[in-house]
Amino acid sequence: MEANAQSPAADKANWEVLPLTADRFADFAAVVNPGGREKHCWCLSHRLGAKEIELLGAGDRAAAMRALSAEPIAPGVVAYRDSVPVGWCSISPRSQIPLLERSKLIRPVDDLKVWSIICVVVRSGYRRQGVSTEMLTGALRYAQALGAPAVEAYPVDPEGRMDLTMAFVGTRKMFERVGFELIGSTDAVASRMPRLIMRKDLTAH
């Protein structure tokens, strides 16, 4: 099932938020690895270990991620503004994110089968232009269309701008803008700040 999730834009741009599929892999790459670096995360750090990467991609992380993009539930969504890929949000059932499932630092708060956001990336040149709000709104609609009861994120709450190397975790304000609520804290840190647990309920009408 594929959901095209759109939200009211702050400008007159045309926004689309679409699941990562094999035919959109180049768009995903343009956002997360525009320089084409050979040794790149490819948003696999929480999903696959070395053995799985060898199995799925013969040791190549990009190939392994491309294989994941062919799964029935995508490993995330790509945001487009006027048909240009401008953002990436890694969102899927928590149960499909093994490192998160095993984490002793970011533990489940209850038994709800939540989906989790573990990475948000806005393409260079498009930051501070409302991309994250549009992208997260679309990601929520995508998860809701596939039956997610709630979505969690694990951001930080910086007083100012945070280190860009850890910006992928997001900020409290970023998630509050799209309706997430603070429900707890974790033992994990990013940029020496505690990571929070924020949740958006998708069952309320």
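Contact here means heavy atoms within 4.5 Å, and that is the sense in which helix α1 packs against its neighbours: its buried residues sit against α3 (61–68), β2, β3 and β4. Keep in mind that this is a predicted model. Overall, the protein chain has six helices and seven strands, and 48% of its 205 residues count as buried.

**Fold and overall shape**
- Starting at the N terminus, the elements of the protein chain go β-α-α-α-β-β-α-β-α-β-α-β-β.
- The radius of gyration is 16 Å, close to the 17 Å that the globule rule gives for 205 residues, so the protein chain is as compact as a globular protein of that length.
- Along the principal axes, the C-alpha atoms fill a box of roughly 45 × 40 × 35 Å.
- Take the contacts in the protein chain with a separation of 6 or more: 62% of them come from residues 24 or more positions apart.

**Surface and charge**
- The protein chain has an accessible surface of about 10,700 Å², and carbon and sulfur atoms make up 51% of that.
- There are 26 positive and 23 negative charges on the protein chain, and their mean positions lie 4 Å apart.

**The largest nonpolar core**
- This core has 30 residues, and the ones touching the most other members are C89, I91, I117, L136, V151, F175 and F180.
- Plenty of elements chip in: β1 (15–19), β2 (77–81), β3 (84–93), β4 (115–122), α5 (131–145), β5 (150–153), α6 (172–176) and β7 (193–201) each supply at least two of its residues.
- Helix α5 gives the largest share of this core, with seven residues.
- As for V151, leaving aside residues up to four places away in sequence, this residue touches I91, W115, I117, L140, A143, F180, M198, R199, K200 and L202.

**A second core**
- Apart from the largest core lies another one, of 21 residues.
- Its members include F28, A64, V78 and V121.

**Helix α1 up close**
- Helix α1 (residues 25–32) is mostly covered, with six of its eight residues buried.
- The buried ones in α1 are F25, F28, A29, A30, V31 and V32.
- One of these buried α1 residues, F28, also turns up in the 21-residue core.
- What do the buried residues of α1 pack against? They pack against one helix, α3, and the strands β2, β3 and β4.

Methods:
Residues numbered from 1 in each chain as written. Predicted model: local features only at pLDDT ≥ 70, side-chain atom pairs only at ≥ 80, totals over all residues. Heavy atoms only, no water. Helix = DSSP H or I, 4+ residues; strand = E, 2+ residues; numbered from the N terminus. Rg over C-alpha atoms; globule rule 2.2 N^0.38 Å. Buried < 20%, exposed > 50% of the residue type's maximum accessible area, 1.4 Å probe, protein only. Areas by Shrake-Rupley, 256 points an atom, 1.4 Å probe, with all protein chains shown as cover. Lys, Arg positive; Asp, Glu negative; His and termini not counted. Charge placed at Lys NZ, Arg CZ, Asp CG, Glu CD. Core = buried A, V, L, I, M, F, W, Y, C linked by side-chain atoms within 4.5 Å.
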